[in-house]
Amino acid sequence: MPEHKDIRWSQLKVGIVALSGLTLLAVAVFLITGEAGFFTETVSLHTYTPDAGGLKSGAVVRLAGVDIGNVQAVNLSGLEDPNEAVEIVMRVNSRYMPDIRSDSQVLLAAEGLLGERYINISRGSSSGQPIPPDGTVPFRQTAEFSELVGGSRDLLDNLNVLTNSLNSVVQSIETGEGTIGKLIRDDSLYARLDHAVQGAEQLVDNINAGEGSLGKLAHDEEFYNNVNVTVTKLLTVAEKIESGEGTLARLMNDPSLYQDARRLMTSGSTMIDNINQGQGTLGKLATDEQFYTKLNSAVGGLDGLLAGIRAGDGTMGRLFTDPSLFNTLNETTLEVRELMADFRKDPKRFLTIQLKIF
C-alpha cells in the first residue's frame, strides 16, 4: 500500500504538467492571435468613432496592412459629440509607434464581404508629430465606412430573403415543379437519356467493328490511302505554285498581271469619268438631254406606228390584218410552185421560140 507522501507527490506532478500545458496553450494563443503578448512591449492607443460597425475586442490592428496589435476594448465613450460616441482602445507593439503620427488616421475595414472587422492605421509622414503612448489617433469616416456600418443589416436582410427564395426554389424542385424540377424528378427523362446513351454506345461499337459508313471510313485502309494520295497531290501542286511553275503560279506570282489589272482598272475609271463629264460618244449619249428627248420622241412614234399596224391602219396595217391578202399570196405561191413543177418536167415547152413571118 503506497504511503501518503507518495500520493501527494504524484498529484503534485500531475498538477505541474497540467499547469505547464495550460501555460504553453496560452502562449500559443497569444502568439497566433497577434504580436502583442507577453514577449513584446505594448502601448495603448485610443480612437473615437460614431459607430463601432460590428468591431469586437480582440480584432486585429494593422499599420499600413501590417499586423501590429489587437483591439483591447470597444465601449461607449459617454461624450456629447455624436462623432465620438464609441471609444476603441488598441494595444499595439511599441516598436511601431514612430510610424504612428498626428497625420495618421484610423480606418474601419472588413476581411472580405462577410469577414471580421479590423482596424487599419495609415502610416504618418515625417511632418507629423509622433503619437505618445495612451494617445488618440484620429478616426476617418469614409463612404466605405458608412456602407460598412449601414449595410451590415441590409446585407443580413438580403441574405435572409435570398435564403427564403432558395428554400422555395429547392422545395419546387423537390416537388417536381418547373423545368428543373421536371428534369430531376421525371423518370421518362432518365429513360430517354439512358436510351440515348445506349444508342451512342451501340454506334461506337459499330464504328469499332467497321460496320456502316462511319465504320468503313474509320477502318478502310483504301480510303486512308486515297486521302493520303490526294493530300500528297495537293502538296505537290502547292509546291509548284510556290516555285512559280504552271499557269496558276504565274497568275499568282507574276507582277505584270497585277500591273495589267491595275492599268485596266485605271482605264475603266478614266472612261467612266469621261462618260460622267459628257466626253466622247458614250458621254454625249449618257448626258445629252436633247438626244434623250429625240430618242423618247422616236420611241413614242414607233409605239404609235405599231399601234396603227395592229389596228389595220395604212398599207402595213392592211398587209398584217387583211385575210384576203394572205389568201391571195397563198394562191399565188401555189401557182408559182405548179409553174416551177411544170418547168422542171418539160423545160423545152417554155424555152421554145417560134418565129412567124406573115
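**View 1. Helix 4 has the span expected from its residue count.** Helix 4 covers residues 187-209, and because each of its 23 residues should add 1.5 Å, the expected span is 33 Å, in agreement with the 33 Å between its end C-alpha atoms. The expected span here is 1.5 Å times one less than the number of residues. Helices (H or I, at least four residues) and strands (E, at least two) are DSSP runs, numbered from the N terminus. Just past the end of helix 4, G210 adopts a positive phi of about 80 degrees.

A quick note on the model: it is predicted, so local features need pLDDT of at least 70 and side-chain atom pairs count only at pLDDT 80 or more, while totals for chains, interfaces and linings use all residues. Residues are numbered from 1 along each chain as its sequence is written, and side-chain values use heavy atoms, with hydrogens and water left out.

**View 2. Helix 8 also agrees with its expected span.** Its 22 residues, 255-276, should span 32 Å at 1.5 Å a residue, and the end C-alpha atoms are indeed 32 Å apart. Just after helix 8 comes G278, with a positive phi of about 80 degrees.

**View 3. Strand 6 is mostly covered.** Five of the five residues of strand 6 (117-121) are buried, meaning under 20% relative accessible area with a 1.4 Å probe, protein chains only (exposed is over 50%, partly exposed in between). R117, I119 and I121 point one way, while Y118 and N120 point the other way. In general, side chains in a regular strand alternate between the two faces of the sheet.

**View 4. Strand 6 pairs with strand 2 and with strand 5.** Two strands pair if DSSP finds at least two bridges between them. Strand 2 (60-63) runs parallel to strand 6 over three bridges, with V61 opposite I119. Strand 5 (106-110) is antiparallel to strand 6 over five bridges, and here L107 stands opposite N120.

**View 5. R62 meets the ring of Y118.** The charged end of R62 sits over this ring, 4.4 Å from its centre; the criterion is NZ of Lys or CZ of Arg within 6 Å of the ring centre and within 35 degrees of the ring normal.

**View 6. S77 lies in the loop between strand 3 (66-76) and strand 4 (86-93).** A polar atom of the S77 side chain lies 3.3 Å from the backbone nitrogen of L79. Leaving aside residues up to four places away in sequence, S77 touches Y48, E84, A85, V86 and E87, where contact means heavy atoms within 4.5 Å.

How values were computed: Polar contact = N/O pair within 3.5 Å; in protein donor to acceptor, adjacent residues only side chain to side chain.
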